[in-house]
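Here is a short briefing for a reader new to this structure. Start with the display, then read on.

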Amino acid sequence: MIFSRTRVFLILPALAGAGPSSDPLDLLRRHRYEEAAANWEKDANASPLDEKGVRALKGVSLAYHQLGSLYARLHRFSLALGEEYYEGVLAGANSPLALYYLGQIQFQNSRWGDAVSSFEKARKQGGSKVPDVNEAFLAFARAKQKNLSDPGNLPQSNAALWQELDLYAAAPSAIPAGLKVDSPRARRCRLSILARSPEPMLPELRQSLKAVVEDQQPEVSQDPGKNTQIDFYDPYLLETLSRAYLIVAKWLQARLLEEEKKFPELAQKLFTRRNQAETCLLLGQYAEALEALGAEDNAVEARILRAKILGKLGKLADARALLEDVAQGTKNPAQIRDVAECYYFLSIDLDKGLQLSALALRDKNGANFYRTRAQLLMASDQADAAVQEFSKGYKIEFRNRIDQIDPEYMCDYSYAIFLTSKMRYDEIVETMYHLQKEFPACRQMHYAMQGISAALARGYEPGVIFRKGG
């Protein structure tokens, strides 16, 4: 979200005393979120916290929030890539595994009928070659299709049990004693379950998060012919990482609210309640977001955030009134842009959003200004104009450097190209290549985009477009 990035840079001056040098701040500005968090960790983990430690704890929470926001964007794009890729593989090769993974994507998109069909075909064509997790997904998809709460008999293998617990949206207390975590799927499901804990489990969640981030190999590889290989990745990975990072940020913010009471002057500069509200908003916890924000904060930034929350709670009239009031009462181009972005975020009054985005750009440009307008154009079915607007905020000489271009911008721009221009697929492949070097969990996106791009010229015959090691 653009608003979160605005909030980050408003807070940066308050973090200036967080360590012996400005390295963590510089890393955060250059989108090196994991490195920034690691630099702040030592001071943030001290007990009791001094003022430097409180600043460091704030920095860690911001870094984790930004990672959660990034992975949410990557996940949306990944689902679109994965669906086209697996459907293409099915057209060029008899692959029950492609059906199994396609079904998972359809399940995530709540397309229960399509998911049931894919899982049933995977079972029929693949037999024992398809993991029995397929049967778990099939049972849950059928239950969803019929609006039933009980999916019935389920497979009992280790991987299936973990996936079933995750699909049940189980809490950590539901994990059976002695259930081993012996596969990437199990580790990812455990992370997803821990992130649902009603009480903070920071050490366990962060340890689990680290283990999942380090799982970068394909979940399954299929050899369809001589010197060829098709790799399959867990379609739930990026969503799980996004939610886990955001939950860690939320729990850190809760601790911060307690720790900063000792330093009231510093607390006024950190805006922790606003940050916690925005984290809850990204998690879809709208009532909790409104409670965290409170009623006493009446700054422009808080009012825009409140409008977003109210809109998601279905109170669109209240959200509209807030946005119109802010827009009429400010000449600040960044605030006008944030109001425009809010219209996009809530998918309302896109024409007003476009007018405001043009007004903001008249007085100030920059990547975030162009992106807001591009997103509004895309939402208004003006795809070609949106891509052109994206390009204005994208310096081509820096397109492979996340320290120069926000990786969220890279993701959004690539997604816009994907939806509009097959002739530019090579650009997306290159962007995904560099993003997966920085964020290895999105390797599945690069792999799928390679296949989609190559298939334009050579079809989806796996013996032609995929080589071992490639």
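The points below cover cavities and one helix pair.

This is a predicted model. Searching the whole structure turns up four cavities of 30 Å³ or more. The largest holds about 150 Å³ of space, and the second largest holds about 120 Å³. Helices α15 and α16 pack with their axes 8 Å apart.

**The largest cavity**

- Its volume is about 150 Å³.
- The lining of the largest cavity is made of 17 residues.
- Nearest the centre of the largest cavity lie Pro184, Asp215, Gln217, Asp234 and Leu237.
- Two helices, α9 (184-194) and α23 (443-458), each supply at least two residues of this lining.
- Of the elements, α9 gives the most to the lining of the largest cavity: four residues.
- By class, this lining has seven nonpolar, seven charged and three polar residues.

**The second largest cavity**

- About 120 Å³ of space lies in the second largest cavity.
- Its lining has 14 residues, and the closest to its centre are Ser78, Gly82, Tyr86, Gln444 and Ala448.
- Here the elements that give two or more residues to the lining are α4 (51-92) and α23.
- With six residues, α4 gives the most to the lining of the second largest cavity.
- This lining divides into 10 nonpolar, three polar and one charged residue.

**A helix on both lists**

- Helix α23 supplies at least two residues to the lining of the largest cavity, and α23 also gives two or more to the lining of the second largest cavity.

**The α15 and α16 pair**

- Helix α15 spans residues 300-312, and helix α16 spans residues 316-328.
- The two pack at an angle of about 155°.
- Angles over 145 degrees count as roughly antiparallel, and α15 and α16 are therefore roughly antiparallel to each other.
- The crossing of α15 past α16 is left-handed.
- From α15, the contact is made by Val300, Arg303, Ile304, Arg306, Ala307, Leu310 and Gly311.
- From α16, the contact is made by Leu316, Asp318, Ala319, Leu322, Leu323, Asp325 and Val326.
- By class, the residues of the contact of α15 with α16 divide into nine nonpolar, four charged and one polar.

Definitions and conventions. Residues numbered from 1 in each chain as written. Predicted model: local features only at pLDDT ≥ 70, side-chain atom pairs only at ≥ 80, totals over all residues. Heavy atoms only, no water. 1 Å grid on protein atoms, 1.4 Å probe; cavity = no way out; pocket = protein on both sides within 12 Å on 5 of 7 lines; lining within 4 Å. Points joined across faces, edges and corners; volume = space filled by probe spheres on them. Nonpolar A, V, L, I, M, F, W, Y, C, P; charged D, E, K, R; others polar. Axes fitted to C-alpha atoms, helices over the stretch in contact; angles between N-to-C directions. Parallel < 35°, antiparallel > 145°, perpendicular 65-115°, else oblique. Left-handed = near helix turned anticlockwise from the far one by under 90°. Contact = heavy atoms within 4.5 Å.
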